[in-house]
Structure formats: structure tokens, C-alpha cells
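Biologist: Please show the sequence and the structure. I will then ask some questions.

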Amino acid sequence: MCGIIGYIGYRIALPILLEGLRDQEYRGYDSAGIATWEDGKIDLIRSKGKIADLEKKIGDKKSNATLGIGHTRWATHGRPDDTNAHPHLDCKKELAVVHNGVIENYLELRSDLTAKGHVFTSQTDTEVLPHLIEEYYDQGGDLLNAVYHATEDVDGYYAMAVLSAKDPNRLICARLDNPLIIGIGDGEYFLASDMAALVEYTHQMLILENGDIADITPQGVTVYNKGQKVERKISVIDWDKASAQKGGYEHFMLKEIHEQPWALTQTLNGRISDDGQEIIFKEFDATIKDRLAKIDNIFLVACGTAYHAGLVGRHAIEKLLHLPTQTEVASEFQNRDAIITPRTLAIIISQSGETYDTILAMRKCQQMGAFTLAICNVLDSTIAREADAVLYTYAGPEIAVASTKAYTTQLAVLYMLTFYLGKLMGKISDAELKELIAALAQMPQLAEETISELESKIFQISLGFAPWNDAFFVGRGIDSAVAMEGALKLKEISYIHAEAYAAGELKHGTIALITPDVPVIALCTQSELISKMISNIKELQARKAAVIGVTTRGNQEVEAVCKDTLYIPQTNELLAPILANLPLQMLAYYAAVVKETDVDQPRNLAKSVTVG
Ligand code: F6R
């Protein structure tokens, strides 16, 4: 979703701003723009389309500006075109503002400002910001104060950066429920929505907190909250620009699929005791352990792929902990009267840690007294910071819009958490725990094996798959959760309409859609459910569907009823989703490649969904 970039220092700003926008392209956008300060004037360039279109507009224009802001916009209010693109200016063209988020009371503010003589040129909610800041700036002449007063008038959520023609060495920024990070350099500062745009220049990050307003000059950064000066810690991140680049792969998604064995290793690292007998979470102190030991019901709350990880997590928790457990879509959870008590554990799953609906759902759980535990991939993101405790997935930056390694590592953390709680609550025997932990520890190696053994076969299958407009994914038990993720992956990047069904549901309606040769992916990893799955596959076969089975090595009876069969290595069946998901990711990837869609930035989608 929209991306902000900013620079203040001694270097020429324009190339830094453009590179920073490129580094955030993956977030999803449909127009882009840049404003720089030079010789007391603001120079504004905006364009519909890609950064390449913006660059065309810039042409060989020379700029010596050392202060500037830029933006990639994902349209919410007003169509994607040059005039709705950010930055937006005030009436005098002396203030430039870029903004992520939504100003909910913009219509009211716009009409007040229009009555005061302000002239609007776009359809955006954002444009009220420069005009509002202009009002206050004209009254007091101080940019910081003007931004502060403007934020007080605004309802909604935002990350914003502001520069003024009259303040040559100053960049003001503010955040509320939208990420904004200041990269600390030596005599220079960088601003971005995502660290990926900053790692080229610095590893020291000041992550703004809700309600923060930062005053940045080449001499330093001062942060205020509710009008008071506050200290914010500097986080040092340990990955570099190469981690956020394609590294020879054709797409980020393919690179990230291949990174999964490594991501699993990173995530498991240091969390399994040397004797393999227990899970160690250094993140949990005695108070947290005490609280967790008393939990009597669990909610897993998330969106999209993270929600699908939560569905797998529910199966594992119910099987091993025997606790009432529900997995909820965050956007709907807000509309539910869910039964939450101080003995509820709310597991909040989010790769980015910035998904707006997930943040709201987490806050609702907190208000109702639940203990909130985040599973998150982005250091110090909003969810990671606001949750009562956090377990990070160490998947590294995930750039492709379609989540792969984040999902797989979310599963790994959910399994570890289940094993941990099982021991804490005395619900799993030592012998069973040891066996489960040993199986989990093998996952990086088995994931590697699965990917390398199946990739070329999957490419071949995808050739016959791509012409189809529809596909179905079916499974039973924990496999039905994997089927849902498989269908999401396929539809979001290949645009093939894909649906997932609990296999037993097929004959209750969906089987009417089965026509000769339509692809159906049947997940069969759970031995006690295989005979039922085979019956379902036979029903599909009778309607001439092209069934592709995903099963564990040794299950020849599945191969006997399928057109194609993809074998995953043998493992403890509870953990099979980690491996069964891998061929589905590759199938989606290659179907999209064959269809020549934009794999890493599929249409209409954004990486981090920071609006509700
Ligand atoms: C799909 C995908 C999305 C995200 C969802 C939640 O491939 O990536 O469905 O899983 O938008 O995002 P996070 O995990 O950042 O909260």
C-alpha cells in the first residue's frame, strides 16, 4: 500500500528519493510523485502509473536539492491520475505533503477550508492536510506547531511527511497507525514506510510510535508526542539491501519460495533446547508464563494468508492442547461479540505487523482483557509493539505481494507455541513432545528436498493448468486449511478463479461446477482421512476432473486415482502443512509465469494493507 520516502542532508535528494520509491514498489501503487526543496521553492513532479513513468517526466532535469519527499499512491479517494498523486500542495505552493492512511473527516475539513478561501485541486482526502497546515502556519509561522495542530483536527490514521518552502533545512513527519521509520545517517536522515528502502544507507532505525511527530534537520531528530519531547530507541537491523533484492531470481516470489528452508532455520534457531526436549522462548518472562499457564480458550486472529496459518494453528492446538480454539478473520472479528475473558489467549498473526484490521482486532482483544501474543515478521512494527508479547518469525524481508516464507515461518512458530503450551500446561507427554520437536527440527531440510524434487514437475503441470479459468482445492482436516492457502495463492497471482472446499462438502453443491478436465488439487497427507479423500477423488474422477494429488511418499493408493501426484517427504502428519504448502506455492507461481501476469505485484493488491 502507499509508500513514503524522504531525505534531508548533504547529498542530492532526487536519486535517493527515486531509489527509495523503487524499493517500496512491492507495496503496491498506481501513481507516484516527488517534491524537492531548492532555492526557496518547491519543485513538484507527479505521474500516474509506475516509477518509470515518473522518471520519464523528470527526464534529464537537473536538481541540486538536498531535501525532498516522495510517495507511491494506492488509490483510495479519487482515481489514480496525475492530480490525485502525492505530494499535495497548499494554496501558495509553499507546503508539500505526502500521506499514507485515511483522513476520515476530510469532507468536513474540506468544506471548512473551502469556506475560508482554500482552493482544492484533487479528489483526495490527503489534500486537506497541506491546506490545514497552511492555516496554522499562517497564524504562527512555525512548521512543527502547524503540523501538530493539524493532526489534532484530523480523524483517521496517517503517516505523513511535510516540507515547507520557507524552512530550507527541515522535514516534519507524523504517524498514527501507519508505519514511518527514520533512518539515522551521519549528518543526513532518511524517511520511509519500510526499512527496505533505508538499509542501503543505514542500519540504524528510529521507528516512530503512534502520535509521534518528528522534527528532522541535518543536525538531528527531535520527537514529540502530545506536545512533549520524548526519547525513542534506535533499533539496529541486521539484514542488508541484498536481502531485499532478487539475487538472480526472475521474481521475488521465486526467491522467497527458495528461501524457505533458510527462513525456517532462522525461525527455529535458538528455540529448541540442545537435548531436543523442549521449546525455549526467551521472549517469555515469569509473568507471561504464569498468564499463559492459566489460559482456557484461544483465538487466532489475522487476515489473508496469515489467517490461513491460523487455521492450521487451530488444528494443532485443538489436537494437542484440547482447548476451545477459534480462528477469526480480523476484519470480521471486529463485528463479532466473541466471548473473550482475561483467560483468553489472542494470537495475532501478521507478517507486516501493520495490517489495519488486524491492529483493530488486537486492540479489541486487549480492551476485553485477553492476553495478546503477536506472531510477526517485522521488527518493532505496530502489532509487535502493542501486543503483550511477541514471537518473531525470522523470514527476512518479504517483498513479493504473495506471502510464502512468512506463512511457512508462521506455521513453524504456531507449532512451537503449541508444543511450548503443551509442556507448560502438562498436556503433552515428554516422549510425544520430543518426537514432535524432532520432526519440526527436520523441516528446513525436508522443505529443501520438497522444493528441489518437485519444481520441474510442477512447471510441467502448470503448462496444462494455465489455460483454465477455474480451479478447486480440496482437503479434509488440517489439509483443508492448506487447501485454502493454495487457492488464495493461485487466484491472487495467476488470476485463475480458485476455490477451496472441505472435500466432504463437494457433493453438497460445488460438484455441480466440476466439468471434464477442470483442475482439482486434492491434499491427502492425513492417513486416517485418506480413504475418505480417495472416495471424494473418485467422485471427481467420475466427472472427469483432472485431479492432482498432493500426498506423502508411500501413499500409492492416491496416485492410483489421480492424473498427477506430487509427493512430499514423510514427516509427523501434524506438521505436513509446512511441506504440503510448498508445491501449491510453486504451482501458483508457475501458472502465473505461464500466464505472464505481474507475479510480484499482482493487479489491485498491496503488500501491507494499512487501511481498513
Ligand atoms: C496473500 C497475502 C495477504 C496477507 C494479508 C495479511 O499472499 O500476503 O493475504 O497475508 O494481507 O498481511 P499481514 O500478514 O502483513 O498482516
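**Salt bridges and burial**

Biologist: With which residue does Arg232 form a salt bridge?

Modeller: The closest N and O atoms of this pair are 3.6 Å apart, and a salt bridge needs a side-chain nitrogen of Lys or Arg within 4 Å of a carboxyl oxygen of Asp or Glu. The partner of Arg232 is Glu209.

Biologist: What are the ground rules?

Modeller: This is a predicted model, where local features need pLDDT of at least 70, side-chain atom pairs need 80 or more, and totals for chains, interfaces and linings use all residues. Residues are numbered from 1 along each chain as its sequence is written, and side-chain values use heavy atoms, without hydrogens and water.

Biologist: Lys92 forms a salt bridge with Glu134; is Glu134 buried or exposed?

Modeller: Buried means under 20% relative accessible area, exposed over 50% and partly exposed in between (1.4 Å probe, protein chains only). Lys92, at 38%, is partly exposed. Glu134 has 3% relative accessibility, so Glu134 is buried.

Biologist: How many of the 11 residues of helix H1 are buried?

Modeller: Helices (H or I, at least four residues) and strands (E, at least two) are DSSP runs, numbered from the N terminus. The buried residues of H1 include Leu14, Leu18 and Asp23. Strand S1 and helix H2 are among the elements that cover them, by contact (heavy atoms within 4.5 Å). H1 is largely enclosed because the number of its buried residues is eight.

Biologist: Which side chain of opposite charge is nearest to Asp357?

Modeller: Asp357 lies in helix H11. Asp357 is buried yet has no salt bridge. At 11 Å away, the nearest side chain of opposite charge (Lys and Arg positive, Asp and Glu negative, His and the chain ends not counted) is Arg363.
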